[in-house]
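Let's take a look at how two protein chains can sit against each other. Have the picture open as you read, and follow along from element to element.

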Amino acid sequence: MTTTSPVCAPSPSPATRPGTAVVTGIGVAAPNGFGTAAWWAAVLRGESGIGPITRFDASGYPVRLAGEVPGFVAADHVSSRLLPQTDRVTRLSLAVAREALDDAGVDPAGLPDYGAGVVTASSAGGFEFGQRELQALWSRGSRYVSAYQSFAWFYAVNTGQISIRHGLRGPSGAVVSEQAGGLDAVAQARRQIRRGTPLMITGGVDSALCPWGWAAHLADGRLSTADDPAVAFLPFDAGARGHVVGEGGALFVLEEAEAARERGAAVYGSIAGCAATFDADGSAHLADAARLALADAGVTRHDIDVVFADAAGDRAADRAEAAAIAGLFGRFGVPVTAPKSMAGRLLAGGASLDLAAALLALRDQVIPPTTGTRRPADDCPIDLVTGAPRRGVRLRTALVLARGQGGFNAAAVVSRAD
Amino acid sequence: MKRVVITGMGVVAPGGVGAKAFWELLTAGRTATREITLFDAAPYRSRIAAEADFDPAEHGFDPAEAERLDRAAQFALVAAREALADSGVQDTLDPSRTGVSLGSAVGCTTGLDTEYAVVSNSGRDWAVDHDRAVPHLYDYFVPSSLAAEVARAAGAQGPVSLVSNGCTSGLDAIGYAAELIREGSADVMLTGATDAPISPITVACFDAIKATSPRNDDPATASRPFDRTRNGFVLGEGSAVLVLEEFERARRRGAPVYAEISGFASRSNAYHMTGLRTDGREMAEAIRAALDEARLDRTAVGYVNAHGSGTRQNDRHETAALKRSLGSHAHDVPVSSIKSMIGHSLGAIGSLEVAASALAITHHTVPPTANLHEPDPECDLDYTPNTAREQRTDTVLSVGSGFGGFQSAIVLTRPRLAEAA
């Protein structure tokens, strides 16, 4: 990389620059916990949410494990009017957005006109809803396709429904870059903060646990075929054999730092730097994305206290990521972790969940563990935090990495509040 | 503040492939709407669409590629190639400073639709047979594959993503690309949108909400924005891809410039997934904000490229929004909807409309609204009926409105090459 983004010039106290985006609210739905508190407690206990699929009969498929969000009762979170109009992904998104707003203690109605927007990451839209309608179309005919299909399936559905429920009329949209989307959406929301919108809801929540979604994942061929949840997804392990798919993710309330301070909001941390690159030529530019994000944040590699890895659970992809991290920080040069080992890979929700983990790690001064993997393979020279959380560390700044199938790379630097 | 200019353009649209054919169709006021030929639409309420005559082999796709790539991907690749060649930028590209921002409302819906019939045994089996799926099903499943295809074709290694904001995807993807150049994250962006939605599931879902026109007996005049006799939009397909370049960079290499992207803004109505409030206030606010960013007074607008979908709800909403934002100037400025000729290609249409807006500046011509013979009394602006108008236009406003409540506005201006940034 020869150039860096000049937008955020290096400054000693990034959290106080005008236009700085800080996180004031977090909402989570994850296979190992619904709700931020339940999930984070499970993560620190090393509790996995990966298990046999219950959402549909998977017995006939070569992959039968997934991470399903437990204990989510849609009717508790979505009105009876909205239920028939929404896929599970939208119901989860609405619940998670509400948690984030409640956590931030902000009432969007009190904001200036057009003062709040929504940018979510999506990967496949309301795919289960889509399967039902495709089934109706092909088995019964076009007249049996639901009037709701036109807006229940498409990729912007979660953004639109969150915007409507909370009356958010600012700049909004949806970003698709597979697993990198969970960071790309946050980067786009941060841009809107810089352009003058005081509050954004952003992140990603995803779900496509239906036979049709499963067929797509199986065609992709990156899934672990193990039946034992304890060894199915082993990022950076010599025995890595693919990943497990999960559902869920995280949404954030992002606010302009000054506005957040004025209203006395509790701040988790700032989204200090973001960047994205693409592997057009087959070579991996993940490290370039990380370098650009550091430069955007105005920090150096020495400032990074922990890295949340993309953690593909595939030998070649793990080696490439370990090489990128070691190239940037030195061999075993920085603690690395992948709590997604307990949740699976959540499509557009995964990187957002990692961002939530990074923010809570900074708050609690603890690095959550990577479970399953006992030690990284010899060709992955990284200081992977395994087994139990690592405490007694000083955490001020974290780097979150994400890769999307097809060549997408994204990186975000998160800095602790104060 | 960095400035952003359009230095290349590629188009796949109903009525012809290539920017030249596209502009000829629009300025002739010809329509490309017809009976659906892409599948047997006999059982459907709306059996008409604006289809692109597109032969993959003619554009260099071998049978394997033609099979692997969704029609939307093929459109985008052909448009991107034309845009790159047109701009002459290719030899000067720094891959790490080149990105892609592609819009699409429904992604690879045609591929998904076709594949579903195969794996579900024509809808007989809910537990679909994954062994019958094509190996590239995942690329249809997550439509960022569309942006990835364009990025690989261009060798882009900078920021790449798919923007999917329903029917404002095209405008929003271009606005986002301009922002990436302005903030310094890229010097060159390939941007635009693609959609190939003329498939059974999409036609069926618009049938279900009666959003599309059932004027099956007269397809050629079925898309009638702002006309009293309109009865819904006509589905379209296509793609436009633009090369956006940082202004100084374009000037240094002596690139031809179509127009400058001077302002962009979007708002949401937070009202209804498909409905619009009649007062048009969110679109009006997007227009105001886009003009502010362009540092232009509303009276500077010389042409409004309308969303003009041809639904009663839209036409009234949009007319109200223009009056609200432009004041009395709304009555003085020509407005037109090219959807009257090439239909409504969902997310792609915004990119085609920005391309048309740039060409309006370049060619001193305002394209018309075709099929406008009996103006809706509630739509009382100058919609440039039926015949293109020769007119020097320095500033064009293009607006869009989409499911999810999205309202977007983009401002294009004639490049002021002599002026410093």
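Start with one pair of helices in this predicted model: helix 3 of chain A and helix 8 of chain B are roughly perpendicular to each other, because angles of 65 to 115 degrees count as that. Their packing angle is about 95°, and the axes are 11 Å apart. Helix 3 of chain A covers residues 127–140.

Who does the touching here? On the chain A helix, the contact residues are Glu133(A), Leu134(A) and Leu137(A), while helix 8 of chain B brings in Pro200(B), Ile201(B) and Ala204(B). Sorted by class, the residues of this contact are five nonpolar, one charged and no polar.

Now zoom out to the whole meeting of the chains. In total, 72 residues of chain B are in contact with 68 residues of chain A. Several elements of chain B each supply at least two residues to the side that touches chain A, among them the four in this table:

| Element of chain B | Residues |
|---|---|
| Helix 4 | 109–119 |
| Helix 6 | 144–154 |
| Helix 7 | 169–182 |
| Helix 8 | 200–208 |

Which helix of chain B gives the most to that side? That's helix 8, with seven residues. Taken by class, the side of chain B that touches chain A has 37 nonpolar, 24 polar and 11 charged residues.

Strands join in as well. Strand 6 of chain A (residues 173–176) pairs with strand 6 of chain B in the antiparallel sense, over two bridges. Look for Val175(A): its bridge partner in strand 6 of chain B is Val163(B).

Note on methods. Residues are numbered from 1 along each chain as its sequence is written. Chains are lettered from A and ligands numbered from 1 in the order in which they are written. This is a predicted model: local features need pLDDT of at least 70, side-chain atom pairs count only at pLDDT 80 or more; totals for chains, interfaces and linings use all residues. Two residues are in contact if their C-beta atoms, placed from the backbone, lie within 7 Å. Ala, Val, Leu, Ile, Met, Phe, Trp, Tyr, Cys and Pro count as nonpolar, Asp, Glu, Lys and Arg as charged, and the others, Gly among them, as polar. Two strands pair if DSSP finds at least two bridges between them. Axes are lines fitted to C-alpha atoms, for helices over the stretch in contact, and angles run from 0 to 180 degrees between N-to-C directions. Angles under 35 degrees count as roughly parallel, over 145 as roughly antiparallel, 65 to 115 as roughly perpendicular and the rest as oblique.
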